[in-house]
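Work through the exercises below with the sequence and the model side by side, and try each task before you read its solution.

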Amino acid sequence: MKAVIVGGGIIGLCSAYYLQKSGWQVTVVERDDLTDNCSFGNAGYIVPSHITPLASPGIIAKGFKWMFNSKSPFYIKPALSMQLINWGILFIRHANQKNVDHGAPYLRDLSLLGSHLYDELANQPGFDFALEHKGIMVYYKTEKAAEEEAHLATTARSLGLDADVLSKEQVQFLEPGTELDILGAVHYHCDAHLYPVKLMEQLMQSIMQNGGVIKTQSAVTGMDISNGIINKIHTEKESFQADLFVVSGGSWLPDLCKMAGIHIPLMPGKGYSITKKNPEKKLNIPAILCEARVAITPMNGYMRYGGTMEIAAVNKEININRVRGIVESVTKYIPGIKLELPEKKDIWYGFRPCSADGLPYIGFSKKIKNMIIAGGHSMMGLGLGTSTGMVVADLANGHTPSVKIDAFDPERFS
Ligand SMILES: Cc1cc2nc3c(=O)[nH]c(=O)nc-3n(C[C@H](O)[C@H](O)[C@H](O)COP(=O)(O)OP(=O)(O)OC[C@H]3O[C@@H](n4cnc5c(N)ncnc54)[C@H](O)[C@@H]3O)c2cc1C
């Protein structure tokens, strides 16, 4: 049986990997050269602790407040775009506690499965992607954030996740080499991290070594559909036939699904990261700077600093003020680390595929019988990569996935 996977980010590559493992002949069709996409420059977190979807209480008020701050970590760029307006209406409608309570158990289970599968993958020949289980810290500086984070830690514990609230002294004990200026932190022991670049390269190698094909510089431009079945997809150079088509185009998922007449509300959420080689000062344990929304990861000898969520159409502009916001906040929490504002060429950016309710879109299309949609993982796509790939393979093979996926129905807004 043949499967064509459109888009070679972490979701597409993991789908190809698990489909291939279960006997499918796979071809990944990718528009770019697969040396970069959102799945390469991210913070590398596997975060079962992230049970709160982006659409959550308080996010709209924060978004309005932050709209007027050029260094803010969250920003929705106003535009007369139907994609943004449709997404925005749904996003506002879902930014409430009911959506969080509904989504959290689904995200937790997909994430725990993802973490377990990363452990298995790290033990396979040809895989060594610097996976570490040190947990993740959430540092905070203010009483208000301390209260909110303690509440989130209690919720996480009630869902069976391992989290400790630590004083500044307790955190400093775990980070003896780096002076911290924080009030305290929550340590999520259930979380892990890895080096995404190695993971992506090793997935590609494994797929090709096992007979899979990866076609780069091949943008999908159209689909031949009849009687609710995709017969072929087209690129400018060639066409591909298959029994199954997995559409995993990241922030371009709406464009690809539109070719099949399916509406997927999704907006790109641009983020930046800076990676320092052989840094003088390193953290032992990855840390999220809570109020600044910055993620810091010691990974494979590097230190990576990432943040900012700019909801806007895909664009190549680097908003240097937002990068400055990341750089300045690091020193505020960790005075021992002095980051310089990098040159534009050293700033990485990627587009998180943000669904309207903060839950991914995973499942067979009801309209097109041989099409699986997999995307919209927002800030969690790396951590949810393996489990999404496994769910895709289960569905393709007619098996019931080991986690519940009804909340992820890709056509829930159609
Ligand atoms: C700063 C930052 C930090 C992050 N940190 C984390 C983290 O710590 N943990 C975590 O879990 N997540 C994190 N994320 C989010 C994570 O990176 C994304 O959720 C994930 O990479 C999305 O993967 P994807 O495969 O859906 O999309 P992508 O990686 O964007 O891949 C989609 C691919 O589809 C291709 N494509 C698009 N259109 C076409 C077409 N027409 N034809 C062929 N190919 C096409 C694109 O070229 C691209 O290669 C972070 C993101 C950012 C920006």
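**Exercise 1. Find where L34 lies, and decide whether it is buried or exposed.**

Solution. Begin with the position: L34 belongs to the loop that runs between β2 (25-29) and β3 (45-46), in what is a predicted model. Next, look at the backbone, where L34 has a positive phi of about 60° although it is not a glycine. Finally, take the relative accessibility, which is 4% for L34; buried means under 20%, so L34 counts as buried.

**Exercise 2. Carry out the steps of the analysis for N278, and decide whether it is buried or exposed.**

Solution. N278 sits in the loop between β14 (266-277) and β15 (287-289), and it too is a residue other than glycine with a positive phi, here of about 40°. The relative accessible area of N278 is 64%, and since exposed means over 50%, N278 is exposed.

**Exercise 3. Describe how α1 packs against α7, and sort the residues of the contact by character.**

Solution. Start with the geometry: helix α1 (residues 10-21) and helix α7 (residues 196-209) pack at an angle of about 35°, and their axes are 10 Å apart. The crossing in which α1 passes α7 is left-handed. Then list the partners: on α1 they are I10, L13, C14, A16, Y17 and Q20, while α7 contributes L199, M200, L203, M204, S206 and I207. Sorting these residues gives ten nonpolar, two polar and no charged.

**Exercise 4. Determine how α1 and α10 are oriented to each other.**

Solution. The axes of α1 and helix α10 (residues 385-396) come within 7 Å and cross at roughly 50°. This angle is neither under 35 degrees nor in the range from 65 to 115, and α1 and α10 are therefore oblique to each other. Here α1 passes α10 in a right-handed crossing. From α1, the residues I10, I11, C14, S15, Y18 and L19 meet a set in α10 that includes G385, T386, M390 and V392. The residues of this contact divide into nine nonpolar, five polar and no charged.

**Exercise 5. Explain why C14 is not bonded to C38.**

Solution. A disulfide needs two cysteine sulfur atoms within 2.5 Å. The closest cysteine sulfur to that of C14 is in C38, 14 Å away, and is therefore too far for a bond. C354 is in no disulfide either, as its nearest cysteine sulfur, that of C38, is 8.8 Å away. The structure holds zero disulfides. As a last step, check the accessibility: C14 is buried at 0%, and C354 is also buried, at 0%.

How values were computed: Residues numbered from 1 in each chain as written. Predicted model: local features only at pLDDT ≥ 70, side-chain atom pairs only at ≥ 80, totals over all residues. Heavy atoms only, no water. Axes fitted to C-alpha atoms, helices over the stretch in contact; angles between N-to-C directions. Helix = DSSP H or I, 4+ residues; strand = E, 2+ residues; numbered from the N terminus. Left-handed = near helix turned anticlockwise from the far one by under 90°. Contact = heavy atoms within 4.5 Å. Nonpolar A, V, L, I, M, F, W, Y, C, P; charged D, E, K, R; others polar. Parallel < 35°, antiparallel > 145°, perpendicular 65-115°, else oblique. Buried < 20%, exposed > 50% of the residue type's maximum accessible area, 1.4 Å probe, protein only.
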